[in-house]
Each structure stands twice: as structure tokens, then as C-alpha cells.
Amino acid sequence: QITALDGGDYIGGLVGFFYNQAQIENSHSEGNITDNTNDSTIYVGGLVGWFDGANSSNTKITKSWSSVEINSTDSDGDYIGGFVGRMYNRGLIEDSYATGNVTALNIPAGVNDYTGGFAGQIDTNYPTIKRSYATGDLHGEHRVAGFIGRINQNGIIEGSYATGNVIGELDANGGFVGEMGYTTTWGDVKITDSWATGNVTGRGL
């Protein structure tokens, strides 16, 4: 059981802050994470809270899994994923999965938050997820999805899927991804050979 306290930033079932050519293989986490903080943005993941690739494809997680139930009532908005909270600046996750349910409520309209069965958000400089999946159910406010809440700024997902049901109380909710965006500054994002089967309930599907 992990409980996030005010003043904390990176919460993971196995690792809070993961970066700079670190590697995880054949590892897992089980249990519960509770986030009741209200003082800052928190990065919460069933296995890893924050994954910073440090612009290296050698920063990677392979053949690992998480079965962690996550519950958040942080009104400041968070990055929450059943496997990783936020994946940033290159790096690789492959052949991994998450099975825990994720609940992230109490976030008011206008506050950014990203909730996914596998990842809250991936972005910047080609962070890549391959052959991975999520089966947990999701209940959140904004950008809630079975696999990833938000993907932008060169994020890549290949050969992955989600089977969990999704309830989004506000906007940008989806079976696989909640929000997917291209910008002229950062370029494209790519999802290939991926799918979702869960039911989606909410506004702005």
C-alpha cells in the first residue's frame, strides 16, 4: 500500500523516478496506490511514476507488469497510468502490461489531467511503447482512456491494446486514447496495429 502525501511528486509501485539509461526487465508490482494530495501535479504509475528517457533508447522497461489499483482525488490534476504515469523524452517500453483499475476524480473543469490504463501521457522525442496492453477499468474526468490518456509530441505506440471499460465525467475520453495531437513544432504522433474493446461512457468521446 502506497499513499501519496502533500509535497510528493513521483509515485510508482516499483520506482518513483526512472531515467537516464536505467533499465527494468522481468519485474512487477502489486498492491494499491492512493493519491489524496492537493498541492501540486503528481505523476503516478502502477510500476513507474515518471519515466524520463533522457533522449536515449537505452532507457527501457521490458517484460514487466503491474497489478496495482490506483485511486486519486487530487484536485490539482495528475498524470496517472496503470503502468507508467508519464513517459517523456525518448525511451522504450515493450512486452509489458497493466491489469489494475484506475480511478481519478475530483478534478474541476479547466485543470489538466491525464488518466490511462497503461500510461497517463507519453510525449517528446519519440518515446515508444511496443506490444503492451492494459485490462483495467477507468473512471476519471478529462482525457481518460483504456490505454493512454494523452499522446503527443512524437509519441509512438505499436502493437498494443486495451480491454477495460472507460467512464469519463468530462471531455476527451476514448477506448484506447483520450487525446492525440500533432503540432508543427514537435511533429507527428503514431499509433499502429493497436486496438480497444472496452465500453466508453462520457462526453467528448
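The legends below accompany close-up views of a predicted model.

**View 1. The largest nonpolar core of the predicted model and the strands that contribute to it.** This core, the largest of its kind in the model, holds 23 residues, and those with the most contacts inside it are Ile61, Ile93, Phe118 and Phe147. Two or more residues each are given to the core by β7 (48-52), β11 (84-88), β16 (119-123) and β21 (148-152). Apart from this core lies another one, made up of 14 residues, among them Val68, Ala104, Val144 and Val166. As a general background to such views, nonpolar side chains in soluble globular proteins tend to be buried together.

**View 2. The surroundings of isoleucine 93.** When neighbours within four places in sequence are left aside, isoleucine 93 is in contact with Phe51, Ile61, Phe83, Val84, Met87 and Phe118, and also with Thr128, Ile129, Lys130 and Ser132. Of these partners, Ile61 and Phe118 are, like Ile93, named among the residues with the most contacts inside the largest nonpolar core.

**View 3. The open parallel sheet of 6 strands.** The strands follow one another in the order β4-β8-β12-β17-β22-β27, and their pairing is parallel. At the edges are β4 (23-25) and β27 (190-192), each of which pairs on one side only, and from one strand to the next the twist averages 5 degrees. The edge strand β4 pairs with β8 in the parallel sense over 3 bridges, with glutamine 23 standing opposite lysine 60 in β8.

**View 4. Parallel pairing of β5 with β1 and with β9.** Strand β1 (residues 2-4) pairs with strand β5 (residues 28-35) in the parallel sense over 3 bridges, and here threonine 3 stands opposite threonine 34 in β5. Strand β5 also pairs with strand β9 (residues 65-72), again in the parallel sense, over 8 bridges, and the bridge partner of aspartate 35 is serine 72 in β9.

**View 5. Two alanines with positive phi, alanine 54 and alanine 172.** Most residues other than glycine have a negative phi. Alanine 54, which lies in the loop between β7 and β8 (60-62), has a phi near 55 degrees, whereas alanine 172, found in the loop between β24 (166-168) and β25 (173-174), has a positive phi of about 60 degrees. With a relative accessible area of 31%, alanine 54 is partly exposed, while alanine 172, with a relative accessible area of 16%, is buried because this value falls under 20%.

Conventions. Residues are numbered from 1 along each chain as its sequence is written. This is a predicted model: local features need pLDDT of at least 70, side-chain atom pairs count only at pLDDT 80 or more; totals for chains, interfaces and linings use all residues. Side-chain values use heavy atoms; hydrogens and water are left out. A nonpolar core is a set of buried Ala, Val, Leu, Ile, Met, Phe, Trp, Tyr and Cys residues joined through side-chain atoms within 4.5 Å. Buried means under 20% relative accessible area, exposed over 50%, partly exposed in between (1.4 Å probe, protein chains only). Helices (H or I, at least four residues) and strands (E, at least two) are DSSP runs, numbered from the N terminus. Contact means heavy atoms within 4.5 Å. Two strands pair if DSSP finds at least two bridges between them. Axes are lines fitted to C-alpha atoms, for helices over the stretch in contact, and angles run from 0 to 180 degrees between N-to-C directions.
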